[in-house]
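User: I would like to go through this model and ask, for each term applied to it, what supports the term.

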Amino acid sequence: MEYTFHWRPVFNRLPDLLEAGLITLEVSALSMVIGIALGLGLALIRMSGNPAIAWFTIGWIEIARNTPALLQLFFFSFGLGAYGIHLTPYMVVLCGMAFNNAGYLAESFRGGFAAIPDTQMKAARSLGMTATQAYLRIIIPQVLRIVYYPMTNQMVWAVLISSLGMLVGFHELAGETQRQAFRSFRLFEFFLVTAVIYYVIVKIIILSSRLIAWRLFRY
Amino acid sequence: MIEITDLHKSYGRLEVLKGIDLTVHKGEVISIIGASGSGKSTLLYCVNGLESIQGGKIEVDGIDVHAKGTDLNKLRQRLGMVFQQWNAFPHLTALENVALAPRIVKGLSKGDARAVAERRLVHVGLGDKLDVYPGKLSGGQQQRLAIARALAMEPDYMLFDEATSALDPELVGEVLDTMRLLAEEGMTMMVVTHEMGFARDVSDKVAYFDEGRVEEIGPPEQIFGAPHSEKTRRFLAKVR
Ligand SMILES: Nc1ncnc2c1ncn2[C@@H]1O[C@H](COP(=O)(O)OP(=O)(O)O)[C@@H](O)[C@H]1O
Ligand SMILES: [Mg+2]
């Protein structure tokens with residue numbers, strides 16, 4: 001039996017898919033912003049060498065990097081649900097991805113900090129800068145450059161794993177595609193078009209990342 | 001005036017400074033020479049409070065550096081420091097390197113900080129490199145940039161920690177010339193150095209460090225001409 005393609009149902013629903021694509025982009029970007037802040041915090045705490053909280057950061061990083069992202073999402077849906085905490089699908093995906101991003105980014109940040117010679121800090125302090133000023137003006141800008149490409153990769157990764165949202169009832173791009181596809185029974189067409197949309201989103205991220213890097217890093 | 005009395009400093013169990021007494025008067029240039037590991041760098045780090053101490057006292061213009069209430073960030077504005085490792089801030093242009101601290105530490109306006117920075121860079125002979133990033137500068141130029149960066153805070157004292165040791169031989173001269181210029185202008189300086197010619201020509205006093213102690217201190221004619229200590233004599237015979 002030959003499969004005959006029917007594209008019309010997909011094209012009729014294209015506006016819905018594009019809108020869902022924006023939601024994918026939004027939740028990924030937000031999870032990155034939160035993940036960067038948390039990852040930076042985790043890295044700083046871990047480097048501070050305080051044993052009381054070190055185990056907490058190490059635990060976070062280990063779980064985020066060494067267990068399936070899907071299980072991490074499940075933790076924020078069924079896991080918390082078992083304790084009577086019910087997050088909306090949007091929040092489940094946002095929290096799960098922020099958790100995952102933070103774990104990966106913490107390790108990148110730690111490597112970034114380790115790559116800055118400690119004489120940079122000494123030089124800054126010798127000029128009368130406070131520790132905070134030295135971090136904000138001297139250390140972190142250099143770390144951000146080192147972790148810039150790992151961060152871009154993480155953003156791409158975030159967009160792709162946000163598709164797991166469809167398994168926790170979230171209508172981001174993959175979830176919305178699934179819903180439309182089952183309604184129209186044109187599964188193959190729908191998922192093909194959606195794959196193209198993901199591809200375009202990722203390419204846009206990589207291109208704009210290059211553009212920003214070119215504007216930002218003149219040294 | 002920098003007044004160091006009976007200074008003791010240890011890293012863990014290792015005692016690095018074992019009772020240092022040293023006074024630097026306004027306008028003086030003091031060179032500190034001695035074998036590597038004798039505690040010369042550590043002394044400078046203690047003077048501007050980058051390192052804690054375990055005994056004794058350091059006073060800068062009457063301010064006790066290691067006293068509890070001392071505002072180190074304020075004190076360090078009086079003490080410019082140049083390190084052995086080049087440590088220009090790589091993400092900032094030469095001008096931004098020099099202008100940053102005057103702006104965010106002293107609170108100068110952007111325009112004023114820029115003017116100060118420009119003047120200092122011209123002072124050390126980098127007037128044509130304002131918008132260049134350190135990565136494009138030679139080692140000697142980076143060290144002169146570091147000097148300009150310290151000078152921009154208008155310090156009363158300059159501490160040099162082997163500023164020329166990491167440089168290719170042909171670049172040492174330009175940095176020493178800049179340091180010489182500062183000395184001629186009356187800057188008070190503590191100079192840790194292996195450049196015996198510089199120590200002899202520029203210093204008012206030379207201190208020879210041996211294993212965490214000042215073995216001998218005196219005018220350069222004494223140290224290089226007729227050292228009192230046998231250890232000083234042997235050290236100088238080795239380095240020359
Ligand atoms: N941060 C540090 N931790 C532990 N030991 C140190 C540290 N810095 C210096 N030392 C030790 O202190 C001694 C004096 O070092 P330093 O002041 O750098 O000597 P110098 O500058 O005369 O070569 C050396 O034995 C060195 O290994
Ligand atoms: Mg040294």
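**Ligand 1 and its surroundings**

Analyst: In this predicted model, an oxygen atom of ligand 1 lies 2.6 Å from an N or O atom in the side chain of B:Ser41. Of the 560 Å² of accessible area that ligand 1 has on its own, the protein covers 58%.

User: What makes the pair formed by ligand 1 and the side chain of B:Ser41 a polar contact?

Analyst: A polar contact is a pair of N or O atoms within 3.5 Å; the oxygen atom of ligand 1 and the N or O atom in the side chain of B:Ser41 are 2.6 Å apart, so the pair meets that cut-off. The backbone is involved as well: an oxygen atom of ligand 1 is 3.0 Å from a polar backbone atom of B:Gly39, and an oxygen atom of ligand 1 is 3.2 Å from a polar backbone atom of B:Ser38.

User: Which residues surround ligand 1, and which element gives the most to the shell?

Analyst: With a heavy atom within 4 Å as the criterion, the residues around ligand 1 include B:Tyr11, B:Leu14, B:Val16, B:Lys40 and B:Thr42. Strand 2 (14-24) and helix 1 (40-47) of chain B each supply at least two residues of this shell, and helix 1 of chain B gives the most, with three residues.

**Helix 3 of chain B**

User: Why is helix 3 of chain B called largely enclosed?

Analyst: A residue counts as buried when its relative accessible area is under 20%; nine of the 11 residues of helix 3 (residues 94-104) of chain B are buried, so the helix is largely enclosed by the rest of the structure. Among the buried residues are B:Leu95, B:Asn97, B:Val98, B:Leu100 and B:Ile104.

User: What covers the buried residues of helix 3 of chain B?

Analyst: The cover includes helix 4 (110-123) and helix 5 (139-151) of chain B, together with helix 7 (131-146) of chain A.

**Chain A**

User: How do you know that chain A is built of helices?

Analyst: There are 10 helices and zero strands in chain A, and from the N terminus on its elements run α-α-α-α-α-α-α-α-α-α. The C-alpha atoms of chain A fill a box of roughly 75 × 45 × 25 Å along the principal axes.

User: What part of chain A counts as buried, and what supplies its exposed area?

Analyst: Of the 219 residues of chain A, 42% count as buried. Chain A exposes about 11600 Å², and carbon and sulfur atoms supply 69% of that area.

Note on methods. Residues numbered from 1 in each chain as written. Chains lettered and ligands numbered in written order. Predicted model: local features only at pLDDT ≥ 70, side-chain atom pairs only at ≥ 80, totals over all residues. Heavy atoms only, no water. Helix = DSSP H or I, 4+ residues; strand = E, 2+ residues; numbered from the N terminus. Buried < 20%, exposed > 50% of the residue type's maximum accessible area, 1.4 Å probe, protein only. Areas by Shrake-Rupley, 256 points an atom, 1.4 Å probe, with all protein chains shown as cover. Polar contact = N/O pair within 3.5 Å; in protein donor to acceptor, adjacent residues only side chain to side chain. Contact = heavy atoms within 4.5 Å.
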